[in-house]
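Biologist: I am new to this one and would love a guided close look at a single part of it. Could you take me there step by step?

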Amino acid sequence: MNPLEAYGIHRFYRRGDTEIAALRDVSLTCAAGETVAVTGPSGSGKSTLLHLLAGLDDPDGGRIDVAGQRLSHQSPSRAARLRAAHIGVLTQSSGLLGHLSVQENVRFAASLGHARGPAPAELIDRLGLHAVRHSLPRTLSGGETARAGLAVALAGAPDVLLADEPTAEVSRDEETTILDLLTRWRPPGGTTVIVTHAAAVAEHADRVLHLVDGRLT
Ligand code: ADP
Ligand code: MG
C-alpha cells in the first residue's frame, strides 16, 4: 500500500464563459520514504494539485487515495478526519491557528494525529522554537512562522506531508534548514510532496515531476 495515490485527476474552473483546465489527467503514486517535487511555472496547477491531495478540494474527475483509503469525494467531516489522521499540510499561510500560541498549535495538531508522533516539546526544541513557544503566530518572523508551520505539519506524524512553496517567504539559509527538516522528520512509512517553482527545492527530492498547463510531462 502506497501512502498516496492519485488516478486520472481533472479539475476545471469556470471564469465567466471560459473554462480553465487547471489539471488534466494527472496520475501520481508516492511510495513510502519518498520525497517527490512537483515543479512548474506559475499557473501550471501546482496549488490546485496540492489542495486536491490534501482533501481540501475535490477533483472533477479521478480519485485520490491516502493510506489505502479514498480521500476524494468524501463528506467534509470524513475528509477532515482523514486529513487530521494522515496528512500534514504546509503552505505559505502556515496553517497556524491565530488565537493559539506556537506550543498550543503543535499540541493541538499532535492530539489529532498518530500517537507515534514526536513529542511536541521535542519538535519545538528541534525546530528552534523554544524561545517563541508561548508567542502568538502574528508576532513571529517569516522564518519562525515557516518553522512553526512545519512543527504543526509534522506533529501528527503524517503518512503524507504536503508542502506548497514552503520556502517562498524565507531566506536562503532558512530554506536549506526547512528542506532538511522536511525530509528528516518524515515518518519512515510516509511520503512528502513539495510543489515549487524553485529549482533549489527540487534538488532535495528523490523524484521531480513537471507540471505544464495542468499536465504532468
Ligand atoms: P500554480 O500554483 O502552479 O501557480 P494554480 O493551481 O494556482 O497554479 O492555478 C492553476 C490555474 O487555475 C491558473 O490558470 C489559475 O488562474 C486557475 N485557478 C486557480 N484557482 C482558481 C479558482 N479558484 N477559480 C478560477 N481559476 C482558478
Ligand atoms: Mg501556487
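Is D65 buried or exposed, and what is its relative accessible area?

Modeller: D65 is buried, because its relative accessible area is 10%; buried means under 20%, exposed over 50% and partly exposed in between, with a 1.4 Å probe and protein chains only. Before we go on, a word on ground rules: this is a predicted model, where local features need pLDDT of at least 70 and side-chain atom pairs count only at pLDDT 80 or more, while totals for chains, interfaces and linings use all residues. Residues are numbered from 1 along each chain as its sequence is written, chains are lettered from A and ligands numbered from 1 in the order in which they are written, and side-chain values use heavy atoms, without hydrogens or water.

Let us start with the partner of D65. R63 forms a salt bridge with D65, and their closest N and O atoms are 2.8 Å apart. The term salt bridge stands for a side-chain nitrogen of Lys or Arg within 4 Å of a carboxyl oxygen of Asp or Glu. R63 counts as partly exposed because its relative accessible area is 38%.

Both residues lead us to E5, which is in contact with L28, T29, R63, I64 and D65 when its neighbours within four places in sequence are left aside; contact here means heavy atoms within 4.5 Å. E5 is buried and has no salt bridge. The nearest side chain of opposite charge is that of R63, 7.4 Å away; for this purpose Lys and Arg are positive and Asp and Glu negative, with His and the chain ends not counted. What the side chain of E5 does have is a polar contact with the side chain of N2, at 2.8 Å. Such a contact is a pair of N or O atoms within 3.5 Å; within protein, one must be able to donate a hydrogen and the other to accept it, and residues adjacent in sequence count only if both atoms are side-chain atoms.

E5 lies in strand 1, residues 4–15. Strands are DSSP runs of E with at least two residues, helices are runs of H or I with at least four, and both are numbered from the N terminus. Strand 1 belongs to an open, antiparallel sheet of 4 strands in the order 2-1-4-5. At the edges of this sheet are strand 2 (18–30) and strand 5 (69–70), each pairing on one side only. Strand 1 and strand 2 are joined by 9 bridges in the antiparallel sense; two strands pair if DSSP finds at least two bridges between them.

Now follow strand 1 along. H10 is also in this strand, and it counts as partly exposed because its relative accessibility is 25%. H10 and L23 are 13 residues apart in sequence, yet their C-alpha atoms are 5.0 Å apart. Beyond residues up to four places away in sequence, H10 touches L23, R24, D25, P59, D60 and G61.

Next comes R11, which stands opposite L23 in strand 2. R11 is also linked with D57 and D60 in a network of salt bridges. Further on, the side chains of R14 and E19 meet in a salt bridge of 3.2 Å, N to O. R14 counts as exposed because its relative accessible area is 61%, whereas E19 counts as partly exposed because its relative accessibility is 49%. In the whole structure, a search finds 7 salt bridges.

One more salt bridge takes us out of this sheet: the side chains of R207 and E34 meet at 2.8 Å, N to O. R207 is in strand 9 and E34 in the loop between strand 2 and strand 3, so this pair links distant parts of the chain, 173 residues apart. E34 counts as buried because its relative accessibility is 15%, while R207, at 28%, counts as partly exposed.

Strand 9 (residues 207–212) runs parallel to strand 3 (residues 35–39), with 4 bridges joining them. Across these two strands, A37 has V208 as its bridge partner and V38 has L209. Strands 3 and 9 sit in an open sheet of 6 strands, in the order 6-7-8-3-9-10 and with mixed pairing. That brings us from the pair of R63 and D65, by way of strand 1, to a second sheet.
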